[in-house]
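User: I have a model open and want a quick walk through it. Can we start with the terms, then go through the cysteines and the strands?

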Amino acid sequence: MKDVLIVCEDIKLNLTYIKTTERELYLPTHANKLIETWCLNHGRSIIGAKKSALFWLGNIKNVPLYISNKLCLIMIKTDYDQTKLWLNNCMILKTKRLYDHLTIVYFNDNSNMIIKVNDRVINKQIQRANILLKMID
């Protein structure tokens, strides 16, 4: 997959939305299976990636998944409908708070996304992923 930005699963439709720097597509699979495939392509399992992150960061919820040096996924649950989003930390340029529970995320390819979650949640996950990237690389 070429420079993944966002992975989002729609449970009702049983589809996974993927946005890359080049295109957007829907796949008829669960996001966890897709992420597991990416992990296996880079020589680890999703369980191994989680355990590695827990080893380096301690016992925390929603650990970032280090898959490769260009793909480190952070999981965000939105406040609105508890949708799970996986954002590629390596492609996030910055975040900006719009309102109390609205955050805009800017990516390296000049695209952006508005997420209904507090900016502190996203910034905490980005901080954890950056620590993990420094430890592993």
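Analyst: First, a cut-off: buried means under 20% relative accessible area, exposed means over 50%, and partly exposed is in between. Also keep in mind that this is a predicted model.

User: Good. How many disulfides does the structure hold?

Analyst: Zero. A disulfide is a covalent bond between the sulfur atoms of two cysteines.

User: What is the nearest cysteine sulfur to cysteine 72, and how far away is it?

Analyst: That of cysteine 90, 5.5 Å away. Cysteine 72 is in no disulfide. The cut-off for a disulfide is two cysteine sulfur atoms within 2.5 Å, so a separation of 5.5 Å does not count.

User: And cysteine 90?

Analyst: Cysteine 90 is in no disulfide either, and its nearest cysteine sulfur is that of cysteine 72.

User: Is cysteine 72 buried or exposed?

Analyst: Buried. Its relative accessible area is 0%, which is under the 20% cut-off, so the label follows.

User: Why is cysteine 90 called partly exposed?

Analyst: Because its relative accessible area is 22%, and partly exposed lies between 20% and 50%.

User: Switching to strands. What does strand E2 pair with?

Analyst: Strand E1 (residues 4-10) is joined to E2 by six bridges, and the two run antiparallel. E2 also pairs with strand E3 (residues 24-27), again antiparallel, over four bridges.

User: Which residues are bridge partners there?

Analyst: Take isoleucine 18 in E2. Valine 7 has isoleucine 18 as its bridge partner. Isoleucine 18 also has leucine 25, in E3, as a bridge partner.

User: How many residues of E2 are buried?

Analyst: Five of six, so by the 20% cut-off E2 (residues 15-20) is mostly covered.

User: What about the hairpins?

Analyst: The hairpin of E1 and E2 has four residues between the strands. Asparagine 14 takes a positive phi near 55° in that hairpin. From E2 to E3, the hairpin goes through three residues.

User: Now the other sheet. What is the strand order?

Analyst: E7-E8-E9, an open sheet of three strands with antiparallel pairing. Strand E7 (92-99) and strand E9 (112-115) are the edge strands, each pairing on one side only. On average, neighbouring strands are turned by 20° against each other, direction ignored.

User: How many bridges join E7 to strand E8?

Analyst: Six, with E8 covering residues 102-107. One pair to look at: tyrosine 99 has leucine 102, in E8, as its bridge partner.

User: Which helix lies across E7, E8 and E9?

Analyst: Helix H3, residues 119-136. H3 runs at about 160° to E7.

Key. Residues numbered from 1 in each chain as written. Predicted model: local features only at pLDDT ≥ 70, side-chain atom pairs only at ≥ 80, totals over all residues. Heavy atoms only, no water. Pairing = 2+ DSSP bridges. Axes fitted to C-alpha atoms, helices over the stretch in contact; angles between N-to-C directions. Contact = heavy atoms within 4.5 Å. Buried < 20%, exposed > 50% of the residue type's maximum accessible area, 1.4 Å probe, protein only.
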